[in-house]
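Please read this report with the sequence and the structure side by side. It goes through strands, their pairing and a group of charged residues.

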Amino acid sequence: MIRKVNLVALMAALALGACGDDDGGGGTDSGPGTDSAVETDSATGDDDVIAVAEAAGNFTTLLGAMERVGLTETVRAATALTVFAPTDEAFEALGVDLSTLTDEQLTGILAYHAIGATVRSDAIPATADTLADLTLIFDTSDGVRVNDATVTMADVEASNGVIHVIDRVLMPPDIVAAAGFAGLTDLAGALDTAGLVETLQGAGPFTVFAPTNEAFGELEELPTGDALSQVLTYHVLGSAVLSGAVPGTANSLATNEWDNNLTLFFNTDDGVVINGRINVVTADVRTTNGIVHIVDGVITPLNVAGAAGSAGLTELLGAVGAAGPNPDDTTIVDTLTGDGPLTVFAPTNAAFEEISDTVDGLSPEQIRQVLLYHVITGDAPVLSTDLADGDVATANGQNVTIAVAGPTVNDNAIGPADLHVTNGVVHVVDGVLVPEFP
C-alpha cells in the first residue's frame with residue numbers, strides 16, 4: 001500500500017524549504033563506501049541537486065520520474081534538501097515498471113527520498129520525516145543505512161542541499177516493515193507467532209507502541225496462545241495518534257473476556273509514559289498505515305488494582321493496603337485482582353483527601369467495608385451504558401443509588417467512565433462512598 005501524497009501540498013513543502021535554513025549539521029567531503037555514480041568534483045557548489053544528478057549520468061530513472069510528475073523545477077527552486085538518490089541499478093533491482101504507477105503513487109515514492117533540510121552524514125538522526133510525511137529510519141553503527149538501503153556515497157554537495165547515493169529504492173513502509181527497519185526483531189517474531197502480521201499490514205490507521213528487543217528480553221516468559229495475542233494487541237490503538245495528541249486514556253485493540261477493549265493510561269507531563277511505567281523512547285514514526293512509537297517495556301494488560309495505580313489513584317491504593325481481610329483471609333487486593341467480573345467505582349485522590357479525617361478514624365474492617373461498597377459483582381461488568389436509575393447491591397451487602405442523569409452514584413459524579421481492565425471495568429468518581437456501619 002502506498003500512502004497518497006497531495007501534489008499541491010508537496011509543492012508547498014518544497015517551496016517552504018526554499019526559504020528555510022540549510023544548516024543540517026557539519027558536513028564531510030566523503031561518506032561511507034565509494035560509488036562511481038557520482039564524481040565528488042561534480043558538485044562545485046554552483047550546481048543544484050538536479051544538475052549534479054544529471055552530470056553523474058547514473059540517475060536517469062530517478063530524474064525521468066521526477067520530470068514525469070513535475071517535480072524537477074520545484075526541486076531546483078528549493079534551497080535546503082537532502083536527497084537519498086537511488087541509482088539506475090537500484091531502480092532496475094526494484095523490478096517495478098514505474099509506468100504502471102499513478103502520478104500520485106510515484107510522487108509519494110519520490111517524496112519519501114527527500115528531507116526538507118540539509119542533513120550530512122555526520123549528523124544523521126535516528127529518524128527523520130520526509131516530504132511524503134512518512135518517516136525514514138537510520139542505522140549509523142556501520143556506515144549509514146536508511147531503512148533497508150545502504151548509503152554508498154555520502155555528502156555529495158549541491159548548491160541547494162546534499163545528495164546521499166543509495167543502493168535501493170525506498171518504498172514507503174507499513175507498520176510491520178517500519179518495525180523491521182528499526183531492528184525490532186523480537187516484536188516481529190511475536191507478531192508472526194500470534195498471527196498478527198497481516199492485521200498490522202492492513203489499511204488501519206493504527207498506533208503501535210513497539211517494544212524494543214531489550215524490553216522483550218526483560219520478560220521472564222513470553223505468553224503463548226490467546227494470552228500472547230492479548231498482550232500484543234494491547235500495544236495497538238485503532239487510530240493514528242501522534243505523541244503530541246496522546247489522550248489521558250485510550251482503548252486498545254485487546255479485549256477482555258466480555259469483549260470490552262482494554263484501556264491504556266497515559267501521562268504526558270514529561271514525554272509519554274504508558275500505564276505509569278513504560279516510556280516512549282522514539283516517537284512519531286509515520287508509516288503508510290499509522291504511527292509507531294518505540295517503547296522501553298512490554299505493556300501488560302491491567303486488572304482493577306493495576307488500573308488504579310496507572311491512573312494515579314494513590315489514595316485508593318493506600319486504603320486498599322490499610323483494609324482488613326475477609327473472615328476467610330481474602331484481602332481487598334485478592335478481590336481487586338481476582339477473576340471478576342467486577343465493576344468498581346474508584347474515588348479520586350481529592351475525594352479521599354476531603355474525608356481524610358473520617359477515613360483516618362476507621363478500623364481496618366471498616367475500611368474494608370468502605371472499599372467493598374465501591375464494588376459491584378455480577379455476570380458481566382456494568383458499563384456506563386448499562387446504568388439505570390435505582391439501587392444496586394454492592395459487595396458489602398448495601399445498596400448504592402444510581403442516577404443516569406449525570407450520571408452519579410450516591411450523588412457523586414461518575415467520570416471518566418468505562419476504563420476496561422482484564423477483570424472488569426472501572427468508573428472514576430469524585431467522592432468516596434461511605435456505607436452505614438453497625
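## An open sheet of four strands

In this predicted model, four strands form an open sheet in the order β17-β18-β19-β20, with antiparallel pairing. Because β17 (390-393) and β20 (412-413) stand at the edges with a single partner strand each, one side of each is left without a neighbour in the sheet. Strands here are DSSP runs of E with at least two residues, numbered from the N terminus, and two strands pair if DSSP finds at least two bridges between them.

β17 pairs with β18 (residues 399-403) over four bridges in the antiparallel sense, and Val 392 has Val 400 of β18 as its bridge partner.

## Strand β4 and its partners

In β4 (residues 135-139), four of the five residues are buried, where buried means under 20% relative accessible area (1.4 Å probe, protein chains only). On one hand β4 pairs with β3 (residues 127-129) over three antiparallel bridges, with Thr 127 standing opposite Ile 137; on the other, β4 pairs with β5 (residues 145-146) over two antiparallel bridges, and there Phe 138 has Val 146 as its bridge partner.

Each of these hairpins has five residues between the strands. Asp 133 takes a positive phi near 60° in the hairpin of β3 and β4, whereas Gly 143 takes a positive phi near 75° in the hairpin of β4 and β5.

## How to read the values

Residues are numbered from 1 along each chain as its sequence is written, and side-chain values use heavy atoms, with hydrogens and water left out. Local features need pLDDT of at least 70 and side-chain atom pairs count only at pLDDT 80 or more, while totals for chains, interfaces and linings use all residues.

Technical notes. Buried means under 20% relative accessible area, exposed over 50%, partly exposed in between (1.4 Å probe, protein chains only).
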